[in-house]
Amino acid sequence: MKTGPTFPIETTALLVPSPGSPFAISPVLIQNLRPDELLIEIKYSGLCHTDFLLRDGALPQVTYPSIPGHEGTGTILAIGPAVKNRSLSIGDDVLLSFTSCNKCHHCLEHSPSTKCKLMPPLNLSCVRDDGTTAYQMQDGTPASGHFFGQSSFAKIAVVSELSVVPIKGMTEEEMAIWAPMGCGYQTGAGTILDVFKPRKEDVVVIFGMGGVGFAALMAAALILEVETVIAVDLVQEKLDLAKEMGARWVINGKETLDVVGEMMKITGGKGADFAVDTTGVGRVVQDMVQCLGQGGTAASVGAPAPGVKIEVDVGMFFALSKKWIGVVEGEVWPVEFIPRLIQAYKEGKFPVDKISKVYPVEDIEKAIADTESGKIIKAVLKFPCQLQSPTHGT
């Protein structure tokens with residue numbers, strides 16, 4: 001009778017050898033699987049700004065070498081005996097998202113992303129909750145993984161149960177298209193659908209038209225049918241696509257000296273009801289707060305570099321009853337929210353296939369360059385077929 005995989009398991013990972021060094025493809029060994037974890041064979045993984053923060057050494061708790069990746073799709077290879085979801089089976093297809101403690105009252109209420117006190121260390125430290133890592137380099141050096149409970153840049157990933165979103169029967173194409181659902185897309189869409197909840201007559205402004213920005217645009221313009229959505233970016237090609245996908249107005253920040261002034265012209269001086277920044281750039285965040293009208297709400301969803309500060313006219317902020325909040329992962333419960341996005345995709349209201357492009361994992365630097373230049377909106381990495389499946393004891 002099969003008792004589980006035999007360790008160590010050799011696999012391949014796209015890792016960061018040291019802070020500031022380029023991504024490198026390297027063999028790694030998986031030493032163990034805890035009872036509450038699963039082994040997932042990764043098929044596709046989205047490339048996200050937070051992976052760049054890990055690469056650049058901007059996450060202080062991470063030790064190197066380290067395996068990033070936190071937007072994956074794949075297939076279950078093994079299930080730990082303490083995994084609570086008994087509907088999961090070996091061979092099932094899954095999407096991957098963030099993790100949380102699943103013990104505090106916030107998690108039990110399905111609201112972990114901004115309130116669970118263990119959210120930051122569990123997702124950003126690249127170790128398990130007990131400080132261990134399942135990964136090791138071939139020379140015995142520990143390799144930190146468990147990024148967002150998954151590290152989907154490993155061909156075989158050790159995944160927390162809370163990171164698993166079962167989506168059975170995905171086609172190969174769907175696995176590629178939906179891979180970024182677990183972070184970027186749910187962040188943008190969740191901010192609109194579950195945090196802002198704008199009415200059709202409201203004004204929604206989106207700063208930064210990357211994967212998160214386009215997810216917010218589609219949620220506002222296509223799912224909620226908000227009539228006035230304004231997209232702001234520096235790349236005209238992105239803005240042209242934004243107009244095709246529902247933005248009523250676009251502003252090129254490279255060509256417009258006064259973005260806030262232009263926004264006020266568009267809105268007849270009333271300003272925005274809701275504004276979201278996906279960039280984390282201080283000047284852009286400041287514009288986001290300034291463009292709000294009476295009672296408006298701004299949300300920062302893009303991670304800024306350490307030490308970023310902005311200036312706020314507190315008197316006007318108070319007088320206009322503005323609100324500025326931080327939103328992590330769209331403040332959603334992925335197991336419940338991601339199927340909503342998939343249903344919207346099937347109805348033609350969340351066409352993320354129009355904004356993503358698949359690259360072989362070996363072309364990681366080209367994917368990065370194309371993303372940073374604005375040539376593409378969202379890069380998805382395809383991991384090669386596993387050369388050898390994990391052997392099972394008998």
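**A guided reading of the predicted model**

In this predicted model, V164 touches L38, L88, V94, L95, L96, V159 and V335, leaving aside residues up to four places away in sequence. The residue belongs to strand β9, which covers residues 164-166. With a relative accessibility of 5%, V164 counts as buried, because the limit for that class is under 20%. One of its contacts, L95, also shows how the fold joins separate parts of the chain: V164 and L95 are 69 residues apart in sequence, yet their C-alpha atoms are 6.1 Å apart in space.

A second buried position is R55. This arginine is found in helix α1, which spans residues 49-55. Its relative accessible area is 15%, and R55 is therefore classed as buried, the limit being under 20%. The side chain of R55 makes a polar contact with the side chain of D56, at 2.9 Å. Beyond four places in sequence, R55 touches V16, S18, P19, G20, S21 and F23, together with I368 and E372.

The description now turns to a sheet. Six strands form an open sheet with parallel pairing, in the order β12-β11-β10-β13-β14-β15. Its edges are taken by β12 (249-252) and β15 (323-326); each has a single partner strand, so one side of each is left without a neighbour in the sheet. On average, neighbouring strands of this sheet are turned by 15 degrees against each other, direction ignored.

The pairing at the β15 edge can be followed in detail. Strand β14, residues 292-300, runs parallel to β15 and is joined to it by 4 bridges. Within this pair, T297 stands opposite K323 of β15.

Helix α8, made up of residues 259-266, lies across four strands of the sheet, namely β10 (203-207), β11 (228-233), β12 and β14. Relative to β12, helix α8 runs at about 160 degrees.

Finally, the database annotation can be set beside the model. UniProt, in an unreviewed entry, places the feature "domain: Enoyl reductase (ER)" at residues 20-381. In the model, the end C-alpha atoms of residues 20-381 lie 21 Å apart. This span is 29% helix and 23% strand.

Notes
Residues are numbered from 1 along each chain as its sequence is written. This is a predicted model: local features need pLDDT of at least 70, side-chain atom pairs count only at pLDDT 80 or more; totals for chains, interfaces and linings use all residues. Side-chain values use heavy atoms; hydrogens and water are left out. Helices (H or I, at least four residues) and strands (E, at least two) are DSSP runs, numbered from the N terminus. Buried means under 20% relative accessible area, exposed over 50%, partly exposed in between (1.4 Å probe, protein chains only). A polar contact is a pair of N or O atoms within 3.5 Å; within protein, one must be able to donate a hydrogen and the other to accept it, and residues adjacent in sequence count only if both atoms are side-chain atoms. Contact means heavy atoms within 4.5 Å. Two strands pair if DSSP finds at least two bridges between them. Axes are lines fitted to C-alpha atoms, for helices over the stretch in contact, and angles run from 0 to 180 degrees between N-to-C directions. UniProt positions are given in the numbering used here, feature names are shortened, and annotations may be inferred rather than shown by experiment.
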